Structures are given as C-alpha cells and as structure tokens.
Amino acid sequence: MYYYPMYFQRQMKINNKRTYVLDFKQGDVNGDGIIDYVYLVGEKPHGSQSPFRDNITLKIIDGKTNRLTTIPLKENAGYGPSLFLGDFSGDKVDDIYISIFSGGSGGYTFYYIYSFLNNKPKLIFDFEKFNDAYPYDVSYKDDYKVEVISQKMNTKYLLDIQYKGEEYLSEIYNENGKLKEPIEGWVNPLGGLYPIDFQGDGTYELYAEQRIAGRYNADGLGYVQTSLEWDKNKFIPFFQTIGIFGEDISMGKKDKKK
C-alpha cells in the first residue's frame, strides 16, 4: 500500500482529478539521512481503459521538511512507467531511475536517472544522449556475415547469420554465398537499461541493450549489450558484447579504470 503524505494528497486533488500515482518508492535521495518519498504521477485518457499514460511527472517529497519538488520529463507519455532507487554514482545516496515504455513497434523505452543530492535535481542519464553518443554501422557481407561497427567503442563485430535459415539467406545471397546487392542494417535506440551491481559494492552499474535490425525492423539479427559505470561525472562503457538469443558471439572489452 502506498503512503501518501497529506500535503501530497491535497495537491493531487487540487491539480487534476485524472492524475494518478503510477509508481512510488521511498528512500534517502537528498542525502540528509531521512527517508524521502518519490512518485511518478500521470494522467490517463478520459473514459479509456488503455494502459497508456501521459503528462508523466516526477515528484519528490522531502521527508524532513515535507517540501514538494516537481520535475517534468521531456518524454512524458507511454506505458508501464516505473521507478527504482539506487546509488549509481558511489556517493552512498540513492539516485532516481525512471523507465517508460514507448509502446512503439521498435520496442523503444525512455530512461532517465536523476540525482537529488541536497535537494538539487540533476539529470545524470538521458536515453536520448546515450542513443546519440553510440552510433553504429551495420552492413551485410559475403559468406553469410553481417558486420557491426561500434564507432564509440572503436570495435568491429562479425555476425554469422546462417542461423537465419536457407529461405532467408536465399533472398540475400547467391548460391556461392555472394551478396546479390549491398544491404545496410542499423542498431535501434535503447530497448532495455537494467541496474546491476556488478561489483557487489552497493553501487549500481547499467546494462544497456539495443536491438540490431537487418533489412527491416522486424528482421532482428541480435543485440548490442553495453555495460556502463559512473566515472566522476558521467557514465562510460567498460564492457560490450553482441548477443543472439541470449548467446554472446563476440565481445569487446575496455580496461576498468581504477
């Protein structure tokens, strides 16, 4: 059962009768040692039974002062909005992780992570900036191979796509394994971002997953899986793999900074 401080209950009733609490977590997010209350609130279409929600907003109540802070989200509409509280920066104070599924055919999800140290909201992870910072080149090659180049990681992966089957391959390749024509694929934006404490030290890293598409979006070839850790003022990659149906087939690794 969610706990709603009376001040927040009054605000909900005054502001909009169609506003609902979509998720709730409690933890010390401002670093004063006192439990704070973190909410995702949003609206649902009038008279609709759809799980779609819009005007999704982050609200934080300081457990010591009862002060309410409202943080609007750039992408604020979608499905299954959820919260997770955990320390991502190593300062022993919970940060606020937000996920909202877009509902689109590409399986894209919107992710934000906020620090609220000293009651000052700071966006420390933005899914759009991540997508822009990690470009890829995907191209079909002879002999039933697909090359994936990570420009950010300066790494090249080679996928053997013979698992796709004879019918699929015959549309793309001649009998001798030569491409009938050049084909370019792409890597989708973030579809999954999972908090994982890889080191077991109480600080969470991020495991990011992006789908590799071939000739069209439904033509899935595998996944790019990038592990990220906090480094001073940003998340940086420390490990990356390419996987097909849960099986790693190629990997690139960076030395972990001390």
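**Entry 1: Phe24 and Tyr39**

I began with Phe24 and looked up its relative accessible area, which is 9%, so I noted it as buried. This is a predicted model, and I read every value below with that in mind. Next came Tyr39: its relative accessible area is 0%, so Tyr39 is buried too.

How many aromatic pairs does the whole structure hold? My search returned 19. Phe24 and Tyr39 form one of them, with 4.8 Å from centre to centre and 40° between the planes, which makes the pair tilted. Because Phe24 belongs to strand β1 and Tyr39 to strand β2, this contact ties together parts 15 residues apart in sequence.

**Entry 2: the sheet around that pair**

I then turned to the strands themselves. β1 and β2 (residues 36–43) run antiparallel, and I found 8 bridges joining them. Which residue of β2 is the bridge partner of Asp23? I looked it up, and the partner is Leu40.

Stepping back, I see 4 strands in an open sheet, ordered β1-β2-β3-β4, with antiparallel pairing. Why do β1 and β4 each have one side without a neighbour in the sheet? β1 (19–27) and β4 (68–72) stand at the edges, and each has a single partner strand, so one side of each stays free of a neighbour there. I also checked the turn between neighbouring strands of this sheet: on average it is 20°, direction ignored.

**Entry 3: Phe125 and Phe235**

Back to rings, further along the chain. Phe125 has 5% relative accessibility, so it counts as buried. For Phe235 I noted 11%, so that residue counts as buried as well.

How are the rings of Phe125 and Phe235 arranged? Their centres are 6.0 Å apart and their planes stand at 80°; the cut-off for edge-to-face is over 60 degrees, so I logged the pair as edge-to-face. Phe125 sits in strand β8 (residues 122–126) and Phe235 in strand β15 (residues 234–244), so the pair links parts 110 residues apart in sequence.

I wanted to know what else joins in, and both rings turn up in one aromatic cluster. Its other members are Phe84, Phe88, Tyr97, Tyr111, Phe130, Tyr134, Tyr204 and Trp230.

**Entry 4: lysines over rings**

Tyr134, from that cluster, has a further contact worth writing down. Lys152 lies over the face of Tyr134, 5.7 Å from the ring centre. Which ring does the charged end of Lys164 sit over? I found it over the ring of Tyr168, at 4.7 Å from the centre.

Technical notes: Residues are numbered from 1 along each chain as its sequence is written. This is a predicted model: local features need pLDDT of at least 70, side-chain atom pairs count only at pLDDT 80 or more; totals for chains, interfaces and linings use all residues. Side-chain values use heavy atoms; hydrogens and water are left out. Two strands pair if DSSP finds at least two bridges between them. Helices (H or I, at least four residues) and strands (E, at least two) are DSSP runs, numbered from the N terminus. Axes are lines fitted to C-alpha atoms, for helices over the stretch in contact, and angles run from 0 to 180 degrees between N-to-C directions. Rings of Phe, Tyr and Trp (its six-membered ring) pair if their centres lie within 6.5 Å; planes under 30 degrees apart count as stacked, over 60 as edge-to-face and the rest as tilted. Buried means under 20% relative accessible area, exposed over 50%, partly exposed in between (1.4 Å probe, protein chains only). A charge sits over a ring if NZ of Lys or CZ of Arg is within 6 Å of the ring centre and within 35 degrees of the ring normal.
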